[in-house]
Amino acid sequence: MKVLKFGGSSVGNAGNIEKVVEIVRNSIKEDSCAVVLSAMHGTTDGLIDLAKTAEKGDEAFRLKIRNLEDKHISTARTLLGENSSDGVFDFIENRFNELRSICEGVYLLRELSARTLDRVASFGEILSTKIVSAKFNLLGVENIWKDSRQIIRTDSNFGYAAVDFTKTNELIKQFFTEQIQNPKSKIRNLVILPGFIASDSNGITTTLGRGGSDYTGAILAAALDADVLEIWTDVSGMMTADPRIVRNIRRIPRITYREAMELSHFGAKVIYPPTIQPVLQKNIPIFVKNTFAPDDYGTLIEAETAADNEIIRGITSIDKISVLSLEGAGMIGIPGFSKRLFDSLSRASINVILITQSSSEHSICVAIEEKFDVLAKKVVDKEFEYEIAGGKIDPLRVENGLSILALVGDNMRNHTGVSGKMFAALGAQGVNVRAIAQGSSERNISAIIESKDVGKAVNSLHEEFFSDGKRQINLYIVGVGTVGKRLLAQLEQQQEYISEQMNLNLRVVGLANSKKFAVNEEGIDLNNWQDQLSASELSSSEITDVILEKNLRNSIFVDVTASAEMVEIYPELLQKTVSIIACNKVAASSEYENYQNLKNLAREYSANFLFETNVGAGLPIINTLNDLMRSGDKINRIEAVLSGTLNFVFNNYDGSRPFASVVKQAQDEGYTEPDPRLDLSGTDVARKILILAREAGHKLEMADIENKGFLPESCLKGSVEDFYAEMEKHEDYFRGLLAEARSKGLSLKYIASFDNGKASVGLQSIDAAHNFANLSGKDNAVLFYTNRYADLPLVVKGAGAGADVTAAGVFADIIRAAKV
């Protein structure tokens with residue numbers, strides 16, 4: 001004997017019912033079957049709604065009844081044709097007339113008792129099973145339709161009736177013995193029964209509560225000592241996480257009763273915990289199968305599973321949780337507070353989902369469904385009104401907007417470090433844990449977190465415990481100018497390599513220019529990002545709100561702009577554990593207090609604040625300096641050529657063409673800042689040496705940098721066009737600088753230096769023996785004089801300007817942040 005239960009989605013329409021019929025026909029070829037059906041999808045909710053509508057005195061309940069009736073008649077006609085010979089259409093009409101009579105009474109009395117509501121709710125399963133039974137009759141498949149109310153006996157707790165198993169088991173066995181196992185009766189190996197419904201000792205209709213149809217199946221399976229209970233739903237078994245939250249979930253092929261109950265208790269919707277109880281006691285396996293993919297294996301739930309290496313079986317969560325905290329010095333060492341708390345909640349029929357208590361006995365914390373928060377505060381404060389009035393304890397504190405996150409697996413008890421991995425993963429994503437609970441069985445670790453963090457938390461834990469080793473990185477890139485475009489091209493080119501060689505899945509989920517902001521959680525197609533950006537209806541002013549609302553794990557914000565406004569959002573992002581990669585120099589060269597605050601926030605919230613390309617484009621200058629400092633070395637002096645633009649200009653200016661022409665060439669080739677005056681005034685070099693000095697541990701401001709500028713004052717006024725015009729007017733001045741240096745056998749270099757806590761930048765004439773004399777093109781060079789490199793400096797040298805190398809430097813910072 002097998003028991004098959006089909007849920008509401010499985011019988012939601014005629015097409016789905018056809019699939020159910022085919023599954024059952026295949027099953028009865030092998031064994032006798034009891035088939036339990038739910039109401040058609042949405043019917044039970046519709047019945048409850050129309051009853052409550054009638055209670056309010058709203059005549060709309062009549063139209064709602066008509067709509068439900070039409071739905072069932074239409075389904076029956078599709079399945080059976082217009083002229084069914086077994087009276088199913090008359091049955092449907094009679095049941096709906098009965099429903100109308102009940103609801104008219106409710107409408108007149110403006111009263112809806114729990115008993116009446118159970119009666120109304122029972123119609124769904126009765127109708128769906130009658131239609132399916134008629135379909136089998138039409139196909140010539142012998143079957144018996146049996147009203148479950150005749151064989152499942154309960155108490156009179158309407159809405160959540162408790163089963164009288166002694167009487168129920170007796171009735172079930174008696175019926176099935178007479179109808180199927182009796183050799184004198186006609187052999188009919190298919191019985192169809194409505195789920196969810198039962199009756200009390202007086203024959204009054206009751207319902208079994210949430211998951212009632214699954215429960216009906218389990219009751220039958222246990223009473224009949226069935227070989228298996230099959231629960232057919234719209235998913236292919238139980239999953240390692242909610243597929244609505246996690247994309248790369250896994251199906252769980254086998255799971256123990258204990259693990260299934262834990263997952264179901266903490267939010268897994270495939271089965272309901274009490275469902276398992278009757279079959280658990282008989283060690284009857286449960287198969288969770290997919291009506292719409294019947295060949296999929298599904299999930300087998302059994303007493304013990306074969307040994308495997310999976311430490312964690314699944315991750316689940318419950319939303320809309322309230323946390324109740326009872327605190328006070330008067331609780332310490334005084335017995336009975338916990339009992340009174342739980343008694344007061346029990347009397348109000350409030351179920352406690354999770355409990356945790358501090359070892360000091362100063363507080364106790366419980367989690368309940370959010371819908372009971374007001375009632376809970378009322379009854380608990382009433383229970384402890386004397387202690388509250390006397391100041392021994394505080395009034396009950398209620399916190400909403402929370403969820404419970406649970407990690408489940410029998411094998412956790414055999415492995416150390418699971419809790420550590422769990423909370424480290426949550427901490428790395430900035431997920432604050434409000435409370436923790438773990439049973440002595442070590443089968444479940446539960447944490448209470450803010451509901452807005454659930455998606456990020458579940459994905460992070462799934463990646464930690466179930467992924468193939470690949471880490472999902474979500475990038476928000478702002479700035480699609482020359483460097484930004486090259487960065488996107490490099491990301492697109494290297495995507496496969498990064499995935500295969502570094503186990504990183506880099507996904508650009510947000511992309512912005514100065515006006516628009518495109519977002520796609522599945523990843524923006526880097527082959528046509530321009531079209532997606534231009535088609536976006538979001539403005540760049542919404543960047544922060546969108547990033548915080550999405551709250552994606554492993555988020556990295558990449559700033560490839562020169563905008564001071566963009567830097568203002570850094571603190572808020574870092575506080576949400578969003579790492580920042582700044583090609584933008586404004587942040588690291590702003591007031592020291594702001595710079596240090598950003599560094600502190602990054603440390604405090606386990607985020608990265610990286611800005612390698614602020615100095616030397618893609619050269620590993622800042623990273624080298626950091627490595628020296630972290631390894632215990634001390635930076636005593638720095639000498640550097642830090643402007644690829646100025647080095648390019650003075651390497652190419654030989655007097656044969658105007659100085660302004662060489663500067664314009666540097667700008668056209670992408671070496672300069674958007675405003676070239678930042679380069680030629682020495683401001684950009686000053687910012688760079690300031691950043692290096694700060695990273696070396698010195699508290700300097702921009703005003704502390706001595707800037708020995710070489711440009712005439714008039715060149716710094718007006719627009720960029722005015723700047724070029726003024727340089728042309730001062731061509732004789734620039735030729736004079738060049739001639740003076742050449743007359744002494746020297747060359748011109750713009751050099752930054754830091755020595756003994758002081759920094760300066762300026763144009764210098766150097767001889768052929770100088771370390772910087774042979775720097776060509778747009779090269780940068782930095783000399784680090786340290787305790788370890790006292791006589792011969794550590795030298796970092798290479799191209800210090802250009803879109804490609806700068807983009808590569810940003811790319812390297814992204815990888816660095818992603819691998820942390």
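Let's start with a strand pair: β11 (residues 314-327) and β13 run antiparallel and are joined by seven bridges. The model you are looking at is a predicted one. From that pair, this briefing goes on to a six-stranded open sheet, a packed pair of helices, α16 and α29, and a serine, S27, in helix α1.

**Strand β13 and its partners**

- In the pairing of β11 with β13, S325 stands opposite C365.
- Strand β12 (residues 354-357) also pairs with β13, in the antiparallel sense and over four bridges.
- Within that pairing, I355 faces V366 of β13 as its opposite residue.
- Strand β13 itself spans residues 363-369, and six of its seven residues are buried, so the rest of the structure largely encloses it.
- As background, strands of a sheet pair through backbone hydrogen bonds, either parallel or antiparallel.

**The six-stranded sheet**

- This open sheet follows the order β24-β26-β25-β23-β27-β28, and its pairing is mixed.
- Its edge strands, β24 (705-708) and β28 (794-799), each pair on one side only.
- On average, neighbouring strands of the sheet are turned by 20 degrees against each other, direction ignored.
- Strand β27 (residues 779-786) runs antiparallel to β28, with six bridges joining the two.
- If you want to find this pairing in the structure, look for V782, which stands opposite V796 in β28.
- Helix α23 (residues 644-652) packs on the sheet and touches β23 (635-641), β25 (747-755), β26 (758-766) and β27.
- The direction of α23 makes about 150 degrees with that of β25.

**Helices α16 and α29**

- Helix α16 (residues 482-502) packs with helix α29 (residues 803-819) at an angle of about 45 degrees, and their axes are 9 Å apart.
- That angle makes α16 oblique to α29.
- The crossing of α16 past α29 is right-handed.
- On the α16 side, the contact is made by T482, V483, R486, L487, Q490, L491, Q494, I498 and M502.
- On the α29 side, the residues in the contact are A803, D804, T806, A807, A808, V810, F811, I814, I815 and K819.
- By type, the residues of this contact divide into twelve nonpolar, four polar and three charged.

**S27 in helix α1**

- S27 belongs to helix α1, which covers residues 14-27.
- Is S27 buried or exposed? With a relative accessible area of 6%, under the 20% cut-off, S27 is buried.
- Leaving aside neighbours within four places in sequence, S27 is in contact with K2, L4 and C33.

Key
Residues are numbered from 1 along each chain as its sequence is written. This is a predicted model: local features need pLDDT of at least 70, side-chain atom pairs count only at pLDDT 80 or more; totals for chains, interfaces and linings use all residues. Side-chain values use heavy atoms; hydrogens and water are left out. Axes are lines fitted to C-alpha atoms, for helices over the stretch in contact, and angles run from 0 to 180 degrees between N-to-C directions. Angles under 35 degrees count as roughly parallel, over 145 as roughly antiparallel, 65 to 115 as roughly perpendicular and the rest as oblique. A crossing is left-handed if the near helix is turned anticlockwise from the far one by less than a right angle, and right-handed if clockwise. Contact means heavy atoms within 4.5 Å. Ala, Val, Leu, Ile, Met, Phe, Trp, Tyr, Cys and Pro count as nonpolar, Asp, Glu, Lys and Arg as charged, and the others, Gly among them, as polar. Two strands pair if DSSP finds at least two bridges between them. Buried means under 20% relative accessible area, exposed over 50%, partly exposed in between (1.4 Å probe, protein chains only).
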